[in-house]
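Work through the following exercises with the sequence and the 3D view side by side. Try each task before you read its solution.

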Amino acid sequence: MHGQDLAEGVAQTLRDQGLDAPVELAMRYGQPAIAGRLDALMAAGCGRILVAPLYPQYAASTTATAVDAVNAHLAHLRHQPTLRVLDRFPQDSAYIEALHQSIRTHWEQVGPADRLLLSFHGLPQSCVQRGDPYFRDCMRTAAALRTRLGADGQRLYVSFQSRFGAAPWLQPYTQATLEAWGREGVARVDVLCPGFLADCLETLEEINLGCRRAFLAAGGREFHYIPCLNADPGWV
């Protein structure tokens, strides 16, 4: 499990630095649940807890709901720990460098693609119109990575995946973009999902399988999916 590997890697790194700070992995929807992991930290004597939602770009539907779940559990306690939250890091230099290194490593193995597509998870446009900063954060990540890539930054484009329902979502849509590129004669694309820190069904099935088929069927010749950071040592 990529998430557990990441948590264990961070814990070991902290120990190597002489820091006695337990690390627990919790899932917003699934197991291990947030409540149980908070209880485990407090049972271990932790009076100050840093909550780090693994969403580089802030959205009310992701980061905020994770923080809400933490606070909902703590609201029932007679003695609450001191809480801090890492709410976003779309331009953090270490995050951008980890993405940059994953791209460079891929290109060293197979060469650079004609186009590099950053596919972020989608969001209804109405959410952004109501003030959600998610789209702005995504653009900040893209801009920082484009700058870090130097001359190769001209290969970088942005799209949004995982749309459902009839309402308009953030555009351009990932699959539609790839299909259009295939019809235009773009031979090879690389796709990276920087909003996901660990591979999951939405990266492995929707992108690496579904979008791969769509691009090749539209006339593209070569599709490469660049894995998420997962538990890469440099990212840890």
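**Exercise 1. Find where Asn230 lies, and decide whether it is buried or exposed.**

Solution. Asn230 is buried, with a relative accessible area of 10%, where buried means under 20% relative accessible area, exposed over 50% and partly exposed in between, with a 1.4 Å probe and protein chains only. Asn230 belongs to the segment after E6, and its phi is positive, about 50°, although it is not a glycine. This is a predicted model, in which local features need pLDDT of at least 70 and side-chain atom pairs count only at pLDDT 80 or more, while totals for chains, interfaces and linings use all residues. Residues are numbered from 1 along each chain as its sequence is written, and side-chain values use heavy atoms, with hydrogens and water left out.

Now turn to Ser162, which has a positive phi of about 65° and is likewise not a glycine. Ser162 sits in the loop between E4 and H7, and it counts as buried because its relative accessibility is 12%. Helices (H or I, at least four residues) and strands (E, at least two) are DSSP runs, numbered from the N terminus.

**Exercise 2. In what order do the strands of the open sheet stand, and which of them stand at the edges?**

Solution. Begin with the order, which is E4-E3-E5-E6 for the 4 strands of this open sheet, with parallel pairing; two strands pair if DSSP finds at least two bridges between them. E4 and E6 (222-226) stand at the edges, each with a single partner strand, so one side of each has no neighbour in the sheet. Neighbouring strands are turned by 25° against each other on average, direction ignored; such angles run from 0 to 180 degrees between N-to-C directions, and the axes are lines fitted to C-alpha atoms, for helices over the stretch in contact.

Next, follow the bridges of E3. E3 and E4 pair in the parallel sense over 6 bridges, and within E4 the bridge partner of Leu117 is Tyr157, while Phe120 stands opposite Phe160. E3 and E5 pair in the parallel sense over 4 bridges, and in E5 the bridge partner of Arg115 is Val189. Finally, 5 of the 7 residues of E3 are buried, so this strand is largely enclosed by the rest of the structure.

**Exercise 3. Compare the expected span of H4 with the distance between its end C-alpha atoms, and say what H4 packs against.**

Solution. The expected span of a helix is 1.5 Å times one less than its number of residues. The 18 residues of H4 should therefore span 26 Å, and the end C-alpha atoms are 26 Å apart, which agrees. H4 lies across E3, E5 (188-192) and E6, running at about 150° to E5. Its buried residues, among them Tyr95, Leu99, Ile103 and Trp107, pack against E3, H6, E5 and E6. Helix H9 (residues 206-217) lies across E3, E4, E5 and E6, at about 165° to E6.

**Exercise 4. Which residues have the most contacts inside the largest nonpolar core, and which elements build this core?**

Solution. A nonpolar core is a set of buried Ala, Val, Leu, Ile, Met, Phe, Trp, Tyr and Cys residues joined through side-chain atoms within 4.5 Å. The largest one has 29 residues, and Leu116 and Leu145 have the most contacts inside it. Two or more residues each come from H4 (93-110), E3 (115-121), H6 (134-148) and E4 (156-161), and the largest share, 6 residues, comes from H4. Leu116 touches, among others, Ile103, Trp107, Leu156 and Ile226, not counting residues up to four places away in sequence; contact means heavy atoms within 4.5 Å. A second, separate core of 14 residues includes Leu117, Leu178, Ile207 and Phe215.

**Exercise 5. Why do Cys138 and Cys200 form no disulfide?**

Solution. A disulfide is a pair of cysteine sulfur atoms within 2.5 Å, and the structure holds 0 disulfides. The sulfur of Cys138 is 11 Å from the closest cysteine sulfur, that of Cys193, which is too far for a bond. For Cys200 the closest cysteine sulfur, in Cys228, is 6.7 Å away, again too far for a bond. As for their surroundings, Cys138 is buried at a relative accessible area of 0%, whereas Cys200 is partly exposed at 28%.
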